[in-house]
Amino acid sequence: MDLTIRELKPALKRGLRNRCPNCGEGRILSGYLKVAPECTVCGQSFTAQRADDGPAYLTVLIGCHVGGFLLHGLFVHTDLSPLQNATITGSVVTLVSLALLPRFKGAMIAWQWASRLHGF
């Protein structure tokens, strides 16, 4: 069994970029959220990953904070109607969530790989 030390920080950086935590070249995700069976470059298997709801929780945490601060700023510093405020805030939160979700999923898989969880 290979017990070499796996550095967490480089693995997380690679995961946030949707890259293999092992080699940094191949992709973790084969689609928007579909996990690739293995890295096409180094052959690292991703079948042991168990990201489950973790990336969604992190995305909601960040997205709701962005939305809350944005809504407050729009309400205090503009004369927009409530419908305009809701439209702007909803659109920004949706875009932030769509951008963050695959990155958080990649980072969570990289964290599991670096920590040797679930058979990695």
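Q112 is found in helix 3. In this predicted model, Q112 is buried, with a relative accessible area of 2%. The points below begin with the surroundings of Q112, continue through the loop between helix 1 and helix 2, and then turn to the annotated spans and the surface.

**Q112 and its surroundings**

- Apart from neighbours within four places in sequence, Q112 is in contact with Q49, R50, A51, L117, H118 and F120.
- Between the C-alpha atoms of Q112 and G54 the separation is 12 Å, and the two residues are 58 residues apart along the chain.
- H118, one of the contacts of Q112, belongs to the segment after helix 3, the helix that covers 82-114.
- The phi angle of H118 is near 55°, a positive value in a residue other than glycine.
- H118 counts as partly exposed, at 47% relative accessibility.

**Q49 in the loop between helix 1 and helix 2**

- The loop between helix 1 and helix 2 holds Q49, which is buried with a relative accessible area of 16%.
- This value lies under the 20% limit that defines a buried residue, so Q49 is assigned to the buried class.
- A polar atom of the Q49 side chain lies 2.9 Å from the backbone nitrogen of A51.
- With neighbours within four places in sequence left aside, the contacts of Q49 are V35, I109, Q112 and F120.
- F120 is thus listed among the contacts of Q49 and also among those of Q112.

**Q44 and G26 in the loop between helix 1 and helix 2**

- Q44 is located in the loop between helix 1 and helix 2 and counts as buried, at 17% relative accessibility.
- The side chains of Q44 and W113 make a polar contact at 3.2 Å.
- Neighbours within four places in sequence aside, Q44 is in contact with C20, N22, P37, E38, C39, W113 and F120.
- G26 also lies in the loop between helix 1 and helix 2.
- At 3% relative accessibility, G26 is classed as buried.
- The C-alpha atoms of G26 and Q44 are separated by 9.3 Å, with the two residues 18 residues apart along the chain.
- Not counting residues up to four places away in sequence, G26 touches N18, R19, C20, C39, T40 and V41.
- C20 and C39 appear among the contacts of Q44 and among the residues touched by G26.

**D52 in the loop between helix 1 and helix 2**

- D52 is placed in the loop between helix 1 and helix 2.
- Phi of D52 is near 45°, which is a positive value in a residue other than glycine.
- D52 has a relative accessibility of 64% and counts as exposed.
- The limit for an exposed residue is over 50% relative accessible area, and D52 therefore falls in that class.

**G63 and helix 2**

- G63 is situated in helix 2 and counts as buried, at 1% relative accessibility.
- When residues up to four places away in sequence are not counted, G63 touches V93 and V96.
- The C-alpha atoms of G63 and Y32 are 18 Å apart, and 31 residues separate the pair along the chain.

**Annotated spans**

- An unreviewed UniProt entry carries the annotation "transmembrane region" for residues 56-77 and 83-101.
- In the model, residues 56-77 are 100% helix and 0% strand, and the end C-alpha atoms of this span lie 31 Å apart.
- Residues 83-101 are likewise 100% helix and 0% strand, with end C-alpha atoms 27 Å apart.

**Nonpolar surface patch**

- A nonpolar patch on the surface is formed by Y32, L33, L95 and L98, which together have about 380 Å² of accessible area.
- Y32, one of the patch residues, is in the loop between helix 1 (8-16) and helix 2 (54-77).
- The relative accessible area of Y32 is 42%, and Y32 is partly exposed.
- Membership of a patch requires over 30% relative accessible area, and Y32, at 42%, therefore meets that requirement.

Notes. Residues are numbered from 1 along each chain as its sequence is written. This is a predicted model: local features need pLDDT of at least 70, side-chain atom pairs count only at pLDDT 80 or more; totals for chains, interfaces and linings use all residues. Side-chain values use heavy atoms; hydrogens and water are left out. Patches are made of residues with over 30% relative accessible area and no salt bridge: like charges are joined within 9 Å, nonpolar side chains (Val, Leu, Ile, Met, Phe, Trp, Tyr) within 5 Å. Accessible areas come from the Shrake-Rupley method with a 1.4 Å probe; for residues, only the protein chains shown count as cover. A salt bridge is a side-chain nitrogen of Lys or Arg within 4 Å of a carboxyl oxygen of Asp or Glu. Helices (H or I, at least four residues) and strands (E, at least two) are DSSP runs, numbered from the N terminus. Buried means under 20% relative accessible area, exposed over 50%, partly exposed in between (1.4 Å probe, protein chains only). UniProt positions are given in the numbering used here, feature names are shortened, and annotations may be inferred rather than shown by experiment. A polar contact is a pair of N or O atoms within 3.5 Å; within protein, one must be able to donate a hydrogen and the other to accept it, and residues adjacent in sequence count only if both atoms are side-chain atoms. Contact means heavy atoms within 4.5 Å.
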